[in-house]
Amino acid sequence: MSLTQKSFAAGSTMPPVTPGRLRLYNMRFCPFAQRTRLVLEHKNIPYETVNINLKSKPDWFLERNPLGLVPVLELDDKIIYESTATCDWLDDVYPENKLQPTDAYTKAWDRILLEYFSKITSNVYALRTATDKTKHLELIHKAYAYYENILAQRGGPFFGGAKPAMIDLLMWPHMERVVALMSKTEPDAIVDRVKYPNFGAKWYDSMYSLPAVKATMFDEASHLRFFKSYMEGNPDYDFGLEE
Ligand SMILES: N[C@@H](CCC(=O)N[C@@H](CS)C(=O)NCC(=O)O)C(=O)O
């Protein structure tokens, strides 16, 4: 019998774990958990998903991650949380479609790309409440130009070159949301396809066509709908589920 996709809240009974079966504690709209799901899908790793109501967390979830954040992976006696740690662990343990670079210099640079990436996300989300948006837009576009250049240097279409690397999968969930959430209200914050042909067009389109992306992404209307419910303080974690 397959597990329900509806979110589990405080007071619920934890679905029993099966020895040897990998489990992901998830929230369907979380960009960090999407990172883990992208790696799981890209590497064809079998797993089950337990969705968590993050407004009303079950004790058994908090026992697994005292920080109360998704994603969390569980396999027998092992618990891993923090999206980057979960992704690296999966890549280390499951050899198919290796994602981390083996070259030390590339590895260091991919870490730089990941650290700097928070400039995009923090400034994009700051736009919603900022009275003066100029400074935030400048920082966002400085970062876009930076990634545009790196892709040109690396030959693209991915940061990993001809194939996606871990850095591509770590960046995608936030870029999916920038485009989906901002295209109507903050079009100046979008990574423009003409101004940034590598990052805004080639990278975005190549990522979009990956089976792992297709398996984990939501369309613009669903993102907007969830984000609205989240901003209103009543996140609709089960939005779109028919079961
Ligand atoms: N640094 C964490 C961030 C994860 C995170 O912020 N997850 C959010 C959902 S998108 C969460 O679990 N929020 C619950 C809370 O803040 O109580 C990671 O990379 O895994």
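The points below describe the fold, the domain interface and some backbone features of a predicted model.

1. Domain layout. The domain assignment divides the protein chain into domain 1, made of residues 1–99 + 233–243, and domain 2, residues 104–209. Domain 1 is thus given in two segments of the chain. Between the C-alpha centres of domain 1 and domain 2 the distance is 26 Å.

2. The sheet. Four strands form an open sheet in the order β2-β1-β3-β4, and their pairing is mixed. At its edges are β2 (48–51) and β4 (78–81), each of which pairs on one side only. On average, and with direction ignored, neighbouring strands of this sheet are turned by 20 degrees against each other. As general background, strands of a sheet pair through backbone hydrogen bonds, in either a parallel or an antiparallel sense.

3. The pair β3 and β4. Strand β3, residues 72–75, pairs with β4 in the antiparallel sense, over four bridges. The register can be read from two positions: Leu 75 stands opposite Lys 78 of β4, and Glu 74 stands opposite Ile 79 of β4. The hairpin of β3 and β4 has two residues between the strands, and in this hairpin Asp 76 adopts a positive phi near 50 degrees.

4. Helices on the sheet. Which strands does helix α3 lie across? Helix α3 (residues 83–93) lies across β3 and β4, and runs at about 130 degrees to β4. For the other helix described here, the sheet contacts are as follows. Neighbouring strands are turned by 20 degrees on average, direction ignored, and helix α1 (residues 31–42) packs on this sheet, where it touches β1 (23–26) and β3. The direction of α1 makes about 150 degrees with that of β1.

5. Extent of the domain interface. In the interface, 14 residues of domain 1 are in contact with eleven residues of domain 2. About 1100 Å² of area is buried between domain 1 and domain 2, and carbon and sulfur atoms give 67% of this area. Gln 34, Arg 35 and Leu 99 supply 45% of the area that domain 1 buries against domain 2, which is more than any other three residues supply.

6. Composition of the domain interface. How many salt bridges are counted between domain 1 and domain 2? The count is zero. Five residue pairs are found in polar contact across the interface of domain 1 and domain 2, both residues of each pair being at pLDDT 80 or more. On the side of domain 1 that touches domain 2, α1 and α3 each supply at least two residues. The largest share of that side comes from α1, with seven residues.

7. Cis peptide bonds. Two such bonds are noted here. The bond from Val 70 to Pro 71 is cis, its omega being near 5 degrees; Pro 71 lies in the loop between α2 (59–64) and β3. The bond from Gly 156 to Pro 157 is also cis, with omega near 0 degrees, and Pro 157 is placed in the loop between α5 (134–154) and α6 (166–182).

8. Positive phi at Asn 44. Asn 44 is not a glycine, yet its phi is positive, at about 55 degrees. Asn 44 belongs to the loop between α1 and β2. In general, most residues other than glycine have a negative phi, and most peptide bonds are trans.

Notes:
Residues are numbered from 1 along each chain as its sequence is written. This is a predicted model: local features need pLDDT of at least 70, side-chain atom pairs count only at pLDDT 80 or more; totals for chains, interfaces and linings use all residues. Side-chain values use heavy atoms; hydrogens and water are left out. Two strands pair if DSSP finds at least two bridges between them. Axes are lines fitted to C-alpha atoms, for helices over the stretch in contact, and angles run from 0 to 180 degrees between N-to-C directions. Contact means heavy atoms within 4.5 Å. Domain bounds come from an automatic or database domain assignment. Buried area is the accessible area (1.4 Å probe) that two parts lose on being put together, summed over both. A salt bridge is a side-chain nitrogen of Lys or Arg within 4 Å of a carboxyl oxygen of Asp or Glu. A polar contact is a pair of N or O atoms within 3.5 Å; within protein, one must be able to donate a hydrogen and the other to accept it, and residues adjacent in sequence count only if both atoms are side-chain atoms.
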